[in-house]
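Me: Please take a close look at one residue of this model. Then work outward from there, and explain each term when you reach it.

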Amino acid sequence: METFDPAELPELLKLYYRRLFPYAQYYRWLNYGGGDGSRERMTKNYFQHREFSFTLKDDIYIRYQSFNNQSDLEKEMQKMNPYKIDIGAVYSHRPNQHNTVKLGAFQAQEKELVFDIDMTDYDDVRRCCSSADICSKCWTLMTMAIHIIDRALKEDFGFKHRLWVYSGRRGVHCWVCDESVRKLSSAVRSGIVEYLSLVKGGQDVKKKVHLSEKIHPFVRKSINIIKKYFEDYALVDQDILENKESWDKILALVPETIHEKLQQNFQKHHNSLQRWEYLKKTISSQDNTKNDKCGPWLEWEIMLQYCFPRLDINVSKGINHLLKSPFSVHPKTGRISVPIDVQKVDQFDPFTVPTISSICRELDTISTNEGKRNEAESDIKHRTRDYKKTSLAPYIKVFEQFLENLDKSRKGELLKKSDLQKDF
């Protein structure tokens, strides 16, 4: 695994922002076709009204920054060398002028629908790590989360443009960028995230998932995804029925009437796989007992509590909420916050994500091998050549594919509008 020394971060960031950060693609994303000749987009000043916030060295935090164009953004990032970049809403006025606007007039108007899934929210159910730590055993939780949420956003809601991004340390983010979605109210955003939330209750609540005989299709489809991972993840890697301490947590989720039977028989079995099979048999044998709340859904409640995505609702419902930007550098791990290819979620490994030190080292090697640069070449040519020759390249390719799809959709909508306006 790549070692990272935080003391080197200031110098590494200078190099990263000067030669490796994908400004052109980044601007193309957040401009949303502002330069495509669409009069409506041009008058909205979409990019200029977008809030950026920078966290600088020593936790100096600067909000309400905005930029005229790509060039201004580049200059400021290279001047400030932010340790972290957050993206906020598109406001009614330019965020850098918010102090000059009449009180109450400065309003957040649009923003992508975003989701933040953080591994620390699973600390009550993962046994391998806790707090900010992650390992390959618990990363499967993020894999399941992406599959479950992405399927629902695509199939249940019909959202087309979904950008999944690794946070750089212990979680993932999703940016839903469809034009209609960016205009949604907080109330509608709250409704969407409520629909996608099944695990409810704080630390004091033992049973956090409650189903009934009528199982919603969303729950069934989520269970089908979890089933593919459950044995390897929960029963082998996490060993959730390993000993009395661990199985007592699961007994707290089933009716007391079967506690004693399970306690006695769990001791006779040798591992989590056998105990889980016995638990399932016990539940199914209780199906017709009127007094018991035992049904097939009881098994699913346990699976959901241990594996279902845990969303930060406040991040999703607030239009003016900030979220860490793609291609930020995590100051503790040095890892780049890279886009994830949804087609290859199962192959994504957070421990192989490039760190700022690894790509800067790659850049040094390239520069040494190539000798002195031709001074006549432009900075943009340098940068294009630079990141394409580092391990950042495949992740930027994922981002570019996402942008291509956004462009196609936008052009399709513009054609539709122009066709509708024609007089036949």
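**Y64 and what lies around it**

Reply: Y64 counts as partly exposed, because its relative accessibility is 25% and that class lies between buried, under 20% relative accessible area, and exposed, over 50% (1.4 Å probe, protein chains only). The model is predicted, so local features need pLDDT of at least 70 and side-chain atom pairs count only at pLDDT 80 or more, while totals for chains, interfaces and linings use all residues. Residues are numbered from 1 along each chain as its sequence is written, and side-chain values use heavy atoms, with hydrogens and water left out.

Y64 belongs to strand β2, residues 60-65. Strands are DSSP runs of E with at least two residues, helices are runs of H or I with at least four, and the numbering starts at the N terminus. The phi angle of Y64 is near 55°, a positive value in a residue other than glycine.

A second case of positive phi is D239, at about 50°, and it is not a glycine. D239 sits in the loop between α8 (217-237) and α9. With a relative accessibility of 23%, D239 counts as partly exposed.

Back to the surroundings of Y64. S53 is part of strand β1, residues 50-56. S53 has 0% relative accessibility, so it counts as buried. Setting aside residues up to four places away in sequence, S53 touches Y61, I62, R63, Q65, K84, I85, D86 and L322. Touching, or contact, means heavy atoms within 4.5 Å.

Q65 leads on to E76, a residue of helix α4. The C-alpha atoms of E76 and Q65 are 9.9 Å apart in space, with their positions 11 residues apart in sequence. Apart from neighbours within four places in sequence, E76 is in contact with F54, Q65 and F67.

Next come the helix pairs. Two packed helices are described by the angle between their axes and the distance between the axes. The axes are lines fitted to C-alpha atoms, for helices over the stretch in contact, and the angles run from 0 to 180 degrees between N-to-C directions.

Helix α4 (residues 70-80) pairs with helix α2 (residues 23-31): their axes come within 10 Å and cross at roughly 125°. α2 and α4 are therefore oblique to each other. The classes are roughly parallel for angles under 35 degrees, roughly antiparallel over 145, roughly perpendicular from 65 to 115, and oblique for the rest. The crossing of α2 and α4 is right-handed, meaning that the near helix is turned clockwise from the far one by less than a right angle; anticlockwise would be left-handed. On the α2 side the contact involves Y23, A24, Y26 and Y27, and on the α4 side Q70, L73, E74, M77 and Q78. These residues divide into 6 nonpolar, 2 polar and 1 charged. Here Ala, Val, Leu, Ile, Met, Phe, Trp, Tyr, Cys and Pro count as nonpolar, Asp, Glu, Lys and Arg as charged, and the others, Gly among them, as polar.

The loop with D239 lies between α8 and α9, and each of these helices has a packing partner to describe. α8 packs with helix α12 (residues 296-307) at an angle of about 75°, with the axes 10 Å apart. α8 and α12 are therefore roughly perpendicular to each other. The contact is made by V219, R220, I223, I226, K227, F230 and Y233 of α8 with W300, M303, L304, Y306 and C307 of α12. By type, the residues of this contact are 10 nonpolar, no polar and 2 charged.

Helix α9 (residues 244-251) packs with helix α10 (residues 259-266) at about 155°, and the axes are 11 Å apart. α9 and α10 are therefore roughly antiparallel to each other. Their crossing is right-handed. K244, W247, D248 and L251 of α9 meet H259, L262, Q263 and F266 of α10.

For the chain as a whole, there are 16 helices and 9 strands. Of its 424 residues, 52% are buried.
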